[in-house]
Amino acid sequence: MQMLPPFYQSGNCVSPILLPLVPLHVFFALQPLIIIILTMHSLLLILLATLSLAQSSTNITLPPFVPVPPKQPTNTSLPYGSVLNHCYIPGTVALTFDDGPYIYTSRVLDVLAHHGARATFFINGRNRGHIDQFPELVKRAHEEGHQLGSHTWAHPSLPNLSKSQIRRQMTALESAFLRILGFYPTYMRAPFLAHSDDVLDVMDELGYHVIGASVDTKDYVFDDPDTNWRSFERFIDGLDAGGTVVLAHDSHRNTVEILVEDMLEEIESRGLSGKYLLIVRVDYADACMQLSRLVSVLVTTGGTGLSRPARELLGFLDVLF
Ligand SMILES: [Zn+2]
């Protein structure tokens with residue numbers, strides 16, 4: 001029986017097709033180089049596959065491009081293109097809800113209305129739901145005085161995208177806003193709170209205030225009746241640590257069925273103790289971040305539904321302005 005060459009005997013699996021082409025000693029001398037080339041080739045294939053996957057996940061979900069008119073300049077002291085994590089008005093707390101509209105959003109609106117509270121909804125075009133499935137909910141949120149902001153069209157991690165892809169994520173949602181509400185927002189929250197210099201550059205260019213969070217309930221993790229208390233605990237700890245911009249999600253059942261009510265009761269009780277105020281916001285950051293707008297909101301509402309310290313603040317501001 002003919003002996004196999006040492007290459008086969010050792011079980012080495014580098015392509016035997018090379019064997020008839022080169023002398024064995026040359027082949028073994030070149031073996032490390034061949035392994036490196038094959039490894040780099042595999043890595044290149046993986047990279048190309050990943051890139052094409054990212055490309056398809058950001059492009060396929062986008063609706064056709066519809067040009068939107070440029071934003072009108074607004075009279076604001078808030079910066080564009082930098083992350084804002086706190087209310088600037090002492091004693092205010094802002095509730096914000098991401099990832100809607102979805103089947104649970106109407107329940108959040110009911111609870112907020114019951115408490116006479118306003119909140120901010122950072123909405124998507126396509127996430128767990130699709131904005132065109134819920135145009136009436138979007139209109140209702142706006143008509144009931146809540147602020148609507150952008151959370152991008154399809155909720156990608158923006159730092160993974162090119163600047164033009166980031167722009168498309170924003171303008172695609174602007175088109176939907178125009179179609180449903182007749183305007184588009186100047187506030188946004190980046191999905192996963194993921195920012196990069198490119199992301200902030202584009203937001204500055206498009207005229208967006210970028211809202212972060214200083215109280216993260218992580219309600220998407222504790223979306224269960226048995227664990228939801230941990231989100232509430234994070235909310236309490238966040239407030240105690242001085243947090244003022246609260247992040248939750250109206251796309252999660254236990255947030256709308258348990259957490260929102262608990263959070264509002266807690267804010268109200270702290271408001272009554274004089275530590276926090278429940279501020280009614282037409283435009284969330286304009287209310288909790290800009291004093292002049294806060295005054296107009298309070299005066300417009302006449303303080304209806306506000307906690308006692310909020311009414312006292314209203315009186316104080318009346319004297320001040
Ligand atoms: Zn989100």
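This passage describes the overall make-up of the chain, its nonpolar core and one of its helices. The structure is a predicted model, in which local features need pLDDT of at least 70 and side-chain atom pairs count only at pLDDT 80 or more, while totals for chains, interfaces and linings use all residues. Residues are numbered from 1 along each chain as its sequence is written.

The chain contains eleven helices and eight strands (DSSP runs numbered from the N terminus, with helices being H or I of at least four residues and strands E of at least two). Of its 321 residues, 38% are buried (20 or more other C-beta atoms within 10 Å of the residue's own, against 12 or fewer for exposed and in between for partly exposed, with C-beta atoms placed from the backbone).

The largest nonpolar core (buried Ala, Val, Leu, Ile, Met, Phe, Trp, Tyr and Cys residues joined through C-beta atoms within 7 Å) has 55 residues, and Met188 and Val246 have the most contacts inside it. Helix 5 supplies the largest share of this core, six residues. Setting aside residues up to four places away in sequence, Val246 is in contact (C-beta atoms, placed from the backbone, within 7 Å) with residues including Val93, Leu95, Phe235 and Met263.

In helix 4, which spans residues 135–143, the buried residues are Leu137, Val138 and Ala141. Seen down the helix axis, these buried residues fall within an arc of 100 degrees (taken from the directions from the axis to the C-beta atoms), so they line one face of helix 4. They pack against helix 3, strand 3, strand 4 and helix 5, whereas the face turned away from the buried side carries the exposed residues Glu136 and Glu143.

Key
Contact = placed C-beta atoms within 7 Å.
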